[in-house]
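Here are a few exercises to work through with the model open beside you. Try each task on your own, then follow the solution step by step.

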Amino acid sequence: MMKIAVTVNSNQTSIWSSGINQNGAYLAKMLQEGVHSVDNLSQTKGNYSFVKEVKDLIGLDIVEISEAIDVGYDVVIQLGLALSKEYHDKFILSNPKMKLVAYKCGNDFLTDMEAIIFGNEKRENAFSDRG
């Protein structure tokens with residue numbers, strides 16, 4: 001059994017107000033049903049109605065990133081919220097074999113693609129200074 005975390009932005013008013021957070025909730029549910037230990041991570045506990053919807057929908061609580069450092073995740077999947085380098089480094093110290101997966105979509109995806117296509121200066125992103 002793997003320990004997996006999926007990030008969401010719990011400061012939204014509802015899980016239904018952001019497609020990326022819906023993807024995060026359903027991905028966590030699918031992984032949980034695949035017999036993995038899964039947490040939804042967010043910067044804060046967030047909006048009460050959002051947290052309640054996630055709990056009712058997939059049966060998971062929202063865990064604050066700062067409280068999840070020592071869990072020893074095998075995989076952290078960035079969906080609704082990107083990890084800062086500081087938190088990424090703390091998770092790696094907890095489990096040096098941890099893998100970070102980033103899902104890119106929307107405006108962030110488009111601006112990265114423009115930089116690649118048009119040869120613009122390298123844009124700072126979640127993986128800019130990670131080996």
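**Exercise 1: an unusual backbone angle**

Val35 is exposed, with a relative accessible area of 60% (buried means under 20%, exposed over 50%, partly exposed in between, with a 1.4 Å probe and protein chains only). Before going on, note that this is a predicted model, in which local features need pLDDT of at least 70 and side-chain atom pairs count only at pLDDT 80 or more, while totals for chains, interfaces and linings use all residues. Residues are numbered from 1 along each chain as its sequence is written, and side-chain values use heavy atoms, with hydrogens and water left out.

Task: Find where Val35 lies and state the sign of its phi.

Solution:
- Step 1. Place the residue: Val35 sits in the loop between helix 1 and strand 2 (37-42). Helices (H or I, at least four residues) and strands (E, at least two) are DSSP runs, numbered from the N terminus.
- Step 2. Recall the usual case: most residues other than glycine have a negative phi.
- Step 3. Read the angle: the phi of Val35 is positive, about 65°, although this residue is not a glycine.

**Exercise 2: salt bridges within helices**

Task: How many salt bridges does a search of the whole structure find? Work through those of Glu33, Lys52 and Asp89.

Solution:
- Step 1. Set the criterion: a side-chain nitrogen of Lys or Arg lies within 4 Å of a carboxyl oxygen of Asp or Glu. The background is that side chains of opposite charge can pair when their charged atoms come close.
- Step 2. Take the total: the search finds 4 salt bridges.
- Step 3. Start in helix 1 (residues 19-33), where Glu33 and Lys29 are 4 residues apart, about one turn of the helix. Their side chains meet at 3.3 Å, N to O. Glu33 is exposed because its relative accessibility is 59%, and Lys29 is partly exposed because its value is 28%.
- Step 4. Move to helix 2 (residues 48-58), where Lys52 and Asp56 are about one helical turn apart because 4 residues separate them. Their N to O distance is 2.7 Å. Lys52 is partly exposed at 38%, while Asp56 is exposed at 55%.
- Step 5. Finish in helix 3, where Asp89 and Lys85 are again 4 residues, or about one helical turn, apart. The salt bridge here spans 2.8 Å, N to O. Asp89, at 32%, is partly exposed, and Lys85, at 36%, is partly exposed too.

**Exercise 3: two strands and a crossover**

Task: Do strand 4 and strand 5 run parallel or antiparallel, and what is the handedness of the crossover between them?

Solution:
- Step 1. Locate the strands: strand 4 covers residues 75-78 and strand 5 covers residues 99-102.
- Step 2. Check the pairing (DSSP must find at least two bridges between two strands): 4 bridges join these strands, which run parallel. Ile77 stands opposite Val101 in strand 5.
- Step 3. Follow the chain from strand 4 through helix 3 (residues 85-94) to strand 5: this β-α-β crossover is right-handed. That is, with the strands pointing away from the viewer, the path from the first strand over the helix to the second runs clockwise.
- Step 4. Look at Ala102, which lies in strand 5. Ala102 is partly exposed, with a relative accessible area of 26%, and its C-alpha atom is separated by 9.6 Å from that of Leu81, 21 residues apart along the chain.
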